[in-house]
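Student: I am new to this structure and would like a close look at a single part of it. Could you take one pair of packed helices and work outward from there?

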Amino acid sequence: MSDECCNCDSRTPSAVQSGPIRVMVVDDSVVIRGLIARWIEAEPDMMVAASMRTGRDAVNNVERSLPDVVVLDIEMPDLDGISALPQLLTKKRDLVIIMASTLTRRNAEISFKALSLGAADYVPKPESTRESGAAESFKRDLLLKIRHLGAKLRHPVVSPPIAPDAPAVDQVRVQPPRPVLHPAAPISIRPFGVVAPRALLIGSSTGGRRR
């Protein structure tokens with residue numbers, strides 16, 4: 001896969017919205033770029049808008065390639081993903097950026113920072129693509145997020161128009177529905193074990209993190 005912008009044209013935003021999801025792949029590894037590009041091109045509702053080696057290349061080409069979604073690596077030469085992220089969003093405000101970084105604690109914490117800076121989501125990238133299971137999981141999660149987030153961008157939820165003669169909302173007294181009360185089920189608490197626990201496990205979603 002070449003580092004140059006592929007399938008770039010002068011389409012208008014309205015024309016782009018009616019076609020496949022345009023994806024820009026940004027990663028300094030030619031192997032990873034080629035792998036992700038092949039996955040995307042194999043999907044009927046996606047296409048590779050550009051393939052870039054650095055964040056600087058992505059920022060300089062985002063207005064020309066007009067991607068809907070950017071798969072952005074974190075550690076890259078010249079301009080890393082965290083530094084490129086706000087610059088990409090400045091040039092294209094409706095851009096969906098999915099961060100992809102290796103399965104390390106440091107990169108995971110940086111990915112959470114990227115989410116706070118405007119990234120739409122984060123996909124853990126396996127450290128080695130030789131592990132078929134890890135590569136397949138990465139492929140499945142990445143394509144799912146591209147399709148889901150790209151579809152939301154193309155089909156935003158629009159509120160229905162209000163009729164001209166309709167009364168204002170604050171002039172109408174709306175009666176809230178009465179809650180349906182159900183008898184509470186009895187709660188039984190399991191007694192503590194005789195042996196004291198040796199470990200404590202705490203589950204958390206993507207938004208949970210250490211303070």
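**Helix α3 and its surroundings**

Tutor: In this predicted model, the axes of helix α3 (residues 55-65) and helix α4 (residues 81-91) come within 9 Å and cross at roughly 5 degrees. Because angles under 35 degrees count as roughly parallel, α3 is roughly parallel to α4. On the side of α3, the contact is made by G55, R56, A58, V59, N60, V62 and E63, and on the side of α4 it is made by A84, Q87, L88 and K91. Sorted by class, the residues in this contact of α3 with α4 are five nonpolar, three polar and three charged.

Turning to burial within the helix, the buried residues of α3 are G55, A58, V59, N61, V62 and S65. An α-helix has 3.6 residues a turn, so residues three or four places apart point the same way. The buried residues of α3 pack against strand β1 (21-26), strand β2 (46-52) and helix α4, and α4 is thus one of the partners of this buried set.

Just after the helix comes L66, whose phi is positive, near 50 degrees, and this is a positive value in a residue other than glycine. L66 is found in the loop between α3 and β3 (69-73), and because its relative accessibility is 19%, L66 counts as buried. Further along, D78 is found in the loop between β3 and α4, and its phi, near 70 degrees, is again a positive value in a residue other than glycine. D78 is exposed, with a relative accessible area of 56%, whereas L66 counts as buried.

To place this part in the whole, consider the chain that carries it. There are six helices and five strands in the chain, and read along the sequence they follow the pattern α-β-α-β-α-β-α-β-α-β-α. Of the 211 residues in the chain, buried residues make up 36%. The chain exposes about 14,200 Å², and carbon and sulfur atoms supply 56% of that area. Among the contacts in the chain with a separation of 6 or more, residues 24 or more positions apart account for 72%.

One link between distant parts of the sequence can be followed in detail. The structure holds one aromatic pair, formed by W39 and F138, which is edge-to-face, with 5.7 Å centre to centre and 65 degrees between the planes. W39 lies in helix α2 (residues 30-41) and F138 in helix α6 (residues 132-154), so the pair ties together parts that are 99 residues apart in sequence. Both rings belong to buried residues: W39 counts as buried at 11% relative accessibility, and F138 counts as buried at 4%. Leaving out residues up to four places away in sequence, W39 touches A135, F138, K139 and L143. W39 and L142 are 103 residues apart in sequence, and their C-alpha atoms are 9.5 Å apart in space.

To return to the part you asked about, α3 can be read in the structure from its contact with α4, through the buried residues that pack against β1, β2 and α4, to L66, which follows the helix.

Note on methods:
Residues are numbered from 1 along each chain as its sequence is written. This is a predicted model: local features need pLDDT of at least 70, side-chain atom pairs count only at pLDDT 80 or more; totals for chains, interfaces and linings use all residues. Side-chain values use heavy atoms; hydrogens and water are left out. Rings of Phe, Tyr and Trp (its six-membered ring) pair if their centres lie within 6.5 Å; planes under 30 degrees apart count as stacked, over 60 as edge-to-face and the rest as tilted. Helices (H or I, at least four residues) and strands (E, at least two) are DSSP runs, numbered from the N terminus. Buried means under 20% relative accessible area, exposed over 50%, partly exposed in between (1.4 Å probe, protein chains only). Axes are lines fitted to C-alpha atoms, for helices over the stretch in contact, and angles run from 0 to 180 degrees between N-to-C directions. Angles under 35 degrees count as roughly parallel, over 145 as roughly antiparallel, 65 to 115 as roughly perpendicular and the rest as oblique. Contact means heavy atoms within 4.5 Å. Ala, Val, Leu, Ile, Met, Phe, Trp, Tyr, Cys and Pro count as nonpolar, Asp, Glu, Lys and Arg as charged, and the others, Gly among them, as polar. Accessible areas come from the Shrake-Rupley method with a 1.4 Å probe; for residues, only the protein chains shown count as cover.
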